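Me: I keep running into labels for parts of this complex. Can we go through what earns each label?
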There are 2 protein chains.
Amino acid sequence: MEELDPADVTGLSAGEVRAARIGDVARLAGVSTATVSRALANPERVSPEARARVNAAIAQVGYVPNPAARTLRSQKTRMVLVVLPTLDNVFFSKILRGIEEALFEKGYGMIIGDLDGSPDKEARFAAFASAGRVDGALLLNGHLFGQTRDGRGPAMRTSVPLVALCEAIPGASIPQIEVDNRAAARRMTGYLASLGNRRIAYVCGPADNVLERERFRGYRDGLRDAEIAFDPDLVLPGDYTLEAGAVAGQAIAARKVRPGAVFCSNDEMAMGLMRSLASAGIRVPQDISVAGFDDIEFAAMVEPSLTTIRQPRRELGRTAAEVLVDLLEGRPAAPRVRLKTELVVRASTGPAPRKARRPA
Amino acid sequence: MEELDPADVTGLSAGEVRAARIGDVARLAGVSTATVSRALANPERVSPEARARVNAAIAQVGYVPNPAARTLRSQKTRMVLVVLPTLDNVFFSKILRGIEEALFEKGYGMIIGDLDGSPDKEARFAAFASAGRVDGALLLNGHLFGQTRDGRGPAMRTSVPLVALCEAIPGASIPQIEVDNRAAARRMTGYLASLGNRRIAYVCGPADNVLERERFRGYRDGLRDAEIAFDPDLVLPGDYTLEAGAVAGQAIAARKVRPGAVFCSNDEMAMGLMRSLASAGIRVPQDISVAGFDDIEFAAMVEPSLTTIRQPRRELGRTAAEVLVDLLEGRPAAPRVRLKTELVVRASTGPAPRKARRPA
DNA sequence: AGCCGTCATGTAATCGTTTACATTGAGCTT
DNA sequence: AAGCTCAATGTAAACGATTACATGACGGCT
């Protein structure tokens, strides 16, 4: 263990009494503040000699531009607000990481807005954004950000560039980065059918969720492809939590005639469901196949490991951040990006049980 | 599905052409800008009549103070930087949520700094903080934030209030909010011993991690309590990831003489380890008991469910944020807070296997 | 030689607040 | 009635950058 000087343990203490300002640099370099500013923003507009003197002066006094002054004058914050339904969900963490990475590279900071199911917070974040504290926002929720119930956001004044992720907003005129949820769900349903299943249950996410609607549509597409009639009794409610999956699992376990496969709209629910089935003595995949969606880290680690749809989460975040920055810096931005998914077959799915198998 | 006007889908468009300024409010209310400013910051310092007129004017023009101007003048940003090792870890998400919650209530915003193992980023975040973009910082990493290798942070000028969480920094003079990792690990080790185990393995976190050192000490304390000699062969390296746990599990499975219990320094590793053991046909808890640390959500959902130490993660975040705000607003701040942990016994631990049992 | 465009630089206005200091008048004291 | 205090308000100077506009020097062209 290294020795530490408690007085300087933060690394943030000491040094000059007051921070150097642009004027200090200018004086030291023998130029005007305008030249210093230009040397920083447009080096090519300043003579090499002046530039060198300015850089030397900056290094000497350890000048760091004051962001508040910059923002006040230029109206640019180099900050992005990221609005998400909840921080408390592994699904978002990797996306966030992708966002953070990309923003960091471009010199932007990230401010997190955790909605946490509260409309209150939504309004406050919207006000925050439109008060000019950020240059733009990334929306990971499918709602119409900043709209009040009466359809008129009173705090909204300035137009803030937005990019939506994950839960595409239908008809919205803002760029959207998404995964083809519908096609992926269709593919998974088809795969479950190909195992010999005729009774394929579906555990839903929240009904008001745009992304969920897409997945559900994909499920129905897949049934149609396999010429299986849609059966509302095989659709169970859920809300993307482990608990909801557990509840759905209990419901299924309690049934007399069970589905041969259950497609859960996300991995957490699939895991909760498998847990309930195990408690009820139902074997996966011998008695029932279970599939999820998202491919979170734990999906490979549960017993049995979970068949699921892999989404390029980090990529999703990166791309969204890049598109937003393009937008912010006046470059043409892709209006809509679709990223590919992948069907990951693991141990939680297998041939349909005999009795549930499609007759010849 | 509700009908949307695509033109106003963002909720952020339209309205007045330019945002109202304090001068507009002042003119409308028939007072000076100073009075408006005071009515906002210290309502009791203006007459009730003036206050009423100001409030009416604010409502009428939809005035929102410009944060950059405010910050420039007052040197307060009402922003806090949260530095963490990685966003990509469920352990942090609940802490973050607690932080976000508390900060939000106090009217502060949160900026995320994901270190992602890069010293580069650390320096940049430190520069960011000391450039005055935040009022203070919350450290979820055990490092000395902002110190460069040579011990002198060149970008560091101003002293930024800090509060450390999770990985306490020994000898540091900043407030620390922590869990008694050592006592908790001791307790768990004692519990495993009480099941009849003499050979209790330990899977480590990263060696340079302060919190890890505490847990390891607790493990040794626990061995001593049970009068079990410390055996270095029973200590396996790890880094808090699922993969590291899986590797440790393979190592253990390959041994001729196996431990009766394995205490993993976090839940992810315990889950990876159980996965490997299962693949090797070793039964948990009949052949080996496995315990984790943290009690992440998934701990209750794996098969078998995991015995672990519950940490009040959200509370941890909340408390840290509150202490920091106290510090920022000049109130006396608690120099050190210790939160209680809880031993959660689930299905992954059970009586030691016969042959491993302590003689008489 | 005179004119003009270009380049490098400087001067000073500007961004929108907060707040130190000044001013006013009302109410009290002596 | 003069003097004093205090509350309420106003005036104007910061805060620290960016940037429109002005300036001067230089070189090329006619």
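Reply: Sure, starting with what gets a number: helices (H or I, at least four residues) and strands (E, at least two) are DSSP runs, numbered from the N terminus. Keep in mind that this is a predicted model, where local features need pLDDT of at least 70, side-chain atom pairs count only at pLDDT 80 or more, and totals for chains, interfaces and linings use all residues. Residues count from 1 along each chain as its sequence is written, while chains are lettered from A and ligands numbered from 1 in the order in which they are written.

Me: Which elements each supply at least two residues of the surface near DNA strand C?
Reply: They are α2 and α4 of chain A, together with α2 and α4 of chain B. The top contributor is α2(B), with six residues.

Me: What makes a residue count as near DNA strand C?
Reply: Its C-beta atom, placed from the backbone, has to lie within 6 Å of the strand. There are 26 residues around DNA strand C, and Ala34(A), Ile22(B), Ala34(B), Ser37(B) and Ala69(B) come nearest.

Me: And which residues are closest to DNA strand D?
Reply: Arg21(A), Ala34(A), Ser37(A), Ala69(A) and Ala34(B), out of 26 that surround DNA strand D. Here α2(A) gives the most, six residues.

Me: How do the residues near DNA strand D divide into nonpolar, polar and charged?
Reply: Twelve nonpolar, eight polar and six charged. Ala, Val, Leu, Ile, Met, Phe, Trp, Tyr, Cys and Pro count as nonpolar, Asp, Glu, Lys and Arg as charged, and the others, Gly among them, as polar.

Me: Why are β7 and β9 of chain A said to stand at the edges?
Reply: The open sheet runs β7-β6-β8-β9 in chain A, with parallel pairing. Two strands pair if DSSP finds at least two bridges between them. β7 (235-236) and β9 (289-291) of chain A each have a single partner strand, so one side of each is left without a neighbour in the sheet.

Me: How do you know that β6 and β8 of chain A pair?
Reply: Strand β6 (residues 200-203) and strand β8 (residues 261-264) of chain A share four bridges, in the parallel sense. The definition asks for at least two, so they qualify. Within that pairing, Ile200(A) sits opposite Ala261(A) in β8(A).
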